[in-house]
Protein chains: 2
Amino acid sequence: MANKKIGKQTIKLSSPPTISSVYSIVGKKEGEGPLAKYFDMILEDEEWGEKTWEKTESKMVKECVAGCLGKEKLSNEDVDYLLSGDLINQCVPSSFGIRERQIPYFGLFGACSTFVEGLSLGAMLIDGGMADNIICSTSSHFCSAEKQFRFPLELGTQRPPSSQWTVTGSAAALLKSSGNGPFITHVTTGKIIDMGIKDANNMGAAMAPAAVDTLWQHFEDTRRDSNYYDLIITGDLGQIGKEIVLELMESRGFHLKNNYNDCGCLIFDSKKQDTHAGGSGCGCCATTFSRISLSSIKK
Amino acid sequence: MANKKIGKQTIKLSSPPTISSVYSIVGKKEGEGPLAKYFDMILEDEEWGEKTWEKTESKMVKECVAGCLGKEKLSNEDVDYLLSGDLINQCVPSSFGIRERQIPYFGLFGACSTFVEGLSLGAMLIDGGMADNIICSTSSHFCSAEKQFRFPLELGTQRPPSSQWTVTGSAAALLKSSGNGPFITHVTTGKIIDMGIKDANNMGAAMAPAAVDTLWQHFEDTRRDSNYYDLIITGDLGQIGKEIVLELMESRGFHLKNNYNDCGCLIFDSKKQDTHAGGSGCGCCATTFSRISLSSIKK
């Protein structure tokens, strides 16, 4: 097998898979934001008829996978693998959300990178001849994430300006070995970059250095300038993380002002919606993906 | 790219990767068991100089990756990907254990299947031309697992006979695109099979139906009888899960009595060591793997 690696961390796929469709479900607040018209379903409340937020999140995963298969008119047997993960202990929303589907399953834990981790592994599996159809799914829920990572919501804790708002949302994308695009042509896999930020209310600053490292490595490996791209997008760095990316990339000689954005800055209108530094969580990039990939690229 | 899938859930790799080396560290109790001589390091206590069990577990991951690289005389730059996960919230032992290594990272959450999930994905990535060297790592720790999934150890809760003993142990394996074997030739990926067992002290019964489903599917896909194999081994079903596998496979026409075993039944001497139904946890199959793969297959 010819090695598809170029540079240090990038794979150039020989038969780029298509992102065939994405199905997304978001919470009420996300449905009041600027991307509302791109989501497939907007919930009316935080519970969706379930007794716990974790069960609501699991239901979102379940219905997103169903919605994605429905768009493609595929059944369980047509899907080679399902790759999924989330933020909650033991990835319960994912595993309970898809347990009734008889699809071979790889559980992922990439925290906020989960959706792209799934797309990366999925694209490489398809390009390697291991599969024709792969579903990549992820989810997050504001209430389950606050409970798990910060404070019980009932405390009414004051949120500092640097805090981000975990997106209540889930999305499932179908990758296909053949199709009309958009295509995944390259995969640059990131490393853990820990600069020592310990503030759970400033995740943008914690995550930005890893994003910078991966973006920079991608440009190095592909020998491309940032101007090559119409749009460069990160998952959920929010306003603070976005500023850090712009500044650090500038110091490395890359001027991203005109073609870089972050999903956490797109999904909410932070001033009107009181979401402080922007959106975050696995569901942020996954649901915003409906907007940035399919609707805009296919036009 | 030619499709490598055979049957419903199995990949037949075209250039089978080699499992080049495995480095394992276990706790004191595991070091008093029947496999003691196969482990690379045996700890003297549960803490290994750390203030929390999670930090101990993380240190095991760190040192196993270092040990595996040392055996192979490789540096970080030689490794294309590191695939790792564990049982603890947010897979903290894995991510903190490897954060100082500058190796592109995929976080996994497969619970007790994590080690084999890593080997499966790693083998497929190598076979697809995406990598030459991949490290697959995982860990578990008796104390951190009891704290997370059952009761605080300080309570001194009585353990029922069906309970298993989470292995304190970690292992890292290096997969290489070329070598002298043992080889990974096929990958059959399992589905979630939930028969409704809710007893956290009877995990063998909860996991066995999925193992049966995957084993049976593997035989179907490869058109092999179980006699084809010198050894068929599951990860951590323990005595109860092993009996269920034997019985359910028998009912499907496969007689596994002579060539099937489970890592959870091998790692401890349950009668002498008071481990009830046997070993469990990600670390059980990963550390036992040193015994079942390299030392026996290479002979």
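Which residue of strand 7 of chain B does Ser84(B) stand opposite? Select Ser84(B) and look across: the residue there is Ser137(B). Before going further, note that this is a predicted model, in which local features need pLDDT of at least 70 and side-chain atom pairs count only at pLDDT 80 or more, while totals for chains, interfaces and linings use all residues. Residues are numbered from 1 along each chain as its sequence is written, and chains are lettered from A and ligands numbered from 1 in the order in which they are written.

**Stop 1: strand 7 of chain B**

Now select residues 133-140 of chain B, which form strand 7. Strands here are DSSP runs of E with at least two residues, helices are runs of H or I with at least four, and both are numbered from the N terminus. Strand 7 of chain B is mostly covered, with eight of its eight residues buried. A residue is called buried if 20 or more other C-beta atoms lie within 10 Å of its own, exposed if 12 or fewer do, and partly exposed in between, with C-beta atoms placed from the backbone. Turn the strand around and you will find Asn133(B), Ile135(B), Ser137(B) and Ser139(B) on one side. On the other are Ile134(B), Cys136(B), Thr138(B) and Ser140(B).

Add the partner strands next. Strands of a sheet pair through backbone hydrogen bonds, either parallel or antiparallel. Two strands count as paired if DSSP finds at least two bridges between them. Strand 5 of chain B pairs with strand 7 of chain B in the parallel sense, over six bridges. Strand 9 of chain B (residues 169-176) runs antiparallel to strand 7 of chain B, and eight bridges join them. To find one place where they meet, select Asn133(B), which stands opposite Lys176(B).

**Stop 2: two helices that cross**

Stay in chain B and select helix 6 (residues 203-222) and helix 7 (residues 238-251). Their axes come within 8 Å and cross at roughly 35 degrees; axes are lines fitted to C-alpha atoms, for helices over the stretch in contact, and angles run from 0 to 180 degrees between N-to-C directions. By class, the contact of these helices has 11 nonpolar, three polar and no charged residues. In this scheme Ala, Val, Leu, Ile, Met, Phe, Trp, Tyr, Cys and Pro are nonpolar, Asp, Glu, Lys and Arg are charged, and the others, Gly among them, are polar.

Keep helix 7 of chain B on screen. Its buried residues are Gly238(B), Ile240(B), Gly241(B), Lys242(B), Val245(B) and Met249(B). They pack against several elements of chain B, including helix 6 and strand 11 (232-234). Just after helix 7 of chain B, pick out Gly253(B), which takes a positive phi of about 90 degrees.

**Stop 3: Ala277(B)**

Go to the loop between helix 9 (270-273) and strand 13 of chain B, where Ala277(B) is found. Ala277(B) is buried because 28 other C-beta atoms lie within 10 Å. Leaving aside neighbours within four places in sequence, its contacts include Pro161(B), Gly204(B) and Gly238(B); a contact means C-beta atoms, placed from the backbone, within 7 Å.

**Stop 4: where the chains meet**

Show both chains. Here 42 residues of chain B are in contact with 42 residues of chain A. Helix 4 of chain B gives the most to the side of chain B that touches chain A, with five residues. By class, that side has 18 nonpolar, 15 polar and nine charged residues.

**Stop 5: the sheet and helix 4 of chain A**

Cross to chain A and select the six strands of its open sheet, in the order 4-3-9-7-5-6, with mixed pairing. Strand 4 (41-42) and strand 6 (105-107) of chain A stand at the edges, each with a single partner strand, so one side of each is left without a neighbour in the sheet.

Then add helix 4 (residues 114-127) of chain A, which lies across strand 5 (81-86), strand 7 and strand 9 of chain A. Helix 4 of chain A runs at about 170 degrees to strand 7 of chain A. 14 of its 14 residues are buried. Just after helix 4 of chain A, Gly129(A) takes a positive phi of about 85 degrees.

**Last stop: Gly7(A)**

Finish at the loop between strand 1 (5-6) and strand 2 (10-12) of chain A, where you will find Gly7(A). Is Gly7(A) buried or partly exposed? Gly7(A) counts as partly exposed because it has 15 C-beta neighbours inside 10 Å. Leaving aside neighbours within four places in sequence, Gly7(A) is in contact with Glu220(A) and Asp221(A).

Notes
Contact = placed C-beta atoms within 7 Å.
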